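Dear colleague,

I am handing over a structure for you to look through. Please open it beside this message before reading on.

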Amino acid sequence: ILASSGTILGGFTAPVTIGLALGYQHRPRLSFVALNNAGQAVVTYTPQSTIGMAATRSANGTWTGAAPLPCSFAGNTAIDGAGDITVLCQGSSINAQGAAVATQEAIRRTAGSSTWTAPVVLTSDFVSSVSVVADAAGTFVVAWVDFTTVNNMGVETVDAVTSPPGGSFGPATTFPVTSFINADLNIAPGHATLVWNTPSGAFE
């Protein structure tokens, strides 16, 4: 996996190798990248194994080599203005019906540290369409589609959790609607907007 960085002054740097190949060359697994205004960046991905990997870029443009994360199947990532990072990962658990389900986890690393926190479970239900964003002040917001089973019927909701600057993720806000597709999550200091569409095709 290669990375190249540029500025508004023009041009991109020569590509830098930051990690080993993503699975099979012709069928790579996705990588995710986040960048802040200082020029710090983070890239997360999962190679052929299930262990997530991450590489970071300093404000002066130097990339670290990719290193293993304390979680599996690394996904979306976000970085705030100070360089604090949140990475979403996929775990597993047994639900109330005794079935194995994939769960959504978050790990974090504070600016200037090389140590990641232990994974924190955001939900123990099966999830999809996961997004995470951060603002310059240090607020992180995560949103996902949550699948649960109630009275043997599948129930789909849109959930969102927020972590204020220096804080942890609070309880989820749940929207009892389905079809989190054509969705977007964005953030500005003090505000976040989550958009999705319903089965009828309307946006909310």
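Below are notes on a sheet, one residue in it and the nonpolar cores.

Please keep in mind that this is a predicted model, in which local features need pLDDT of at least 70 and side-chain atom pairs count only at pLDDT 80 or more, while totals for chains, interfaces and linings use all residues. Residues are numbered from 1 along each chain as its sequence is written, and side-chain values use heavy atoms, with hydrogens and water left out.

Four strands (DSSP E runs of at least two residues, numbered from the N terminus) make an open sheet in the order 7-8-9-10, with antiparallel pairing, where pairing requires at least two DSSP bridges between two strands. Strand 7 (77-79) and strand 10 (120-123) each have a single partner strand, so one side of each is left without a neighbour in the sheet. Strand 9 (residues 100-109) pairs with strand 10 over three bridges, and Ala 106 stands opposite Val 120 in strand 10.

Thr 77 belongs to strand 7 and is buried, with a relative accessible area of 7% (buried means under 20%, with a 1.4 Å probe and protein chains only). A polar atom of the Thr 77 side chain lies 3.0 Å from the backbone oxygen of Thr 86.

The largest nonpolar core (buried Ala, Val, Leu, Ile, Met, Phe, Trp, Tyr and Cys residues joined through side-chain atoms within 4.5 Å) has 13 residues, and Leu 122 and Phe 169 are among those touching the most other members. Strand 11 gives the largest share of this core, four residues. Apart from this core lies another, of twelve residues, including Val 42 and Val 87.

Best regards

Notes
Buried means under 20% relative accessible area, exposed over 50%, partly exposed in between (1.4 Å probe, protein chains only). A polar contact is a pair of N or O atoms within 3.5 Å; within protein, one must be able to donate a hydrogen and the other to accept it, and residues adjacent in sequence count only if both atoms are side-chain atoms.
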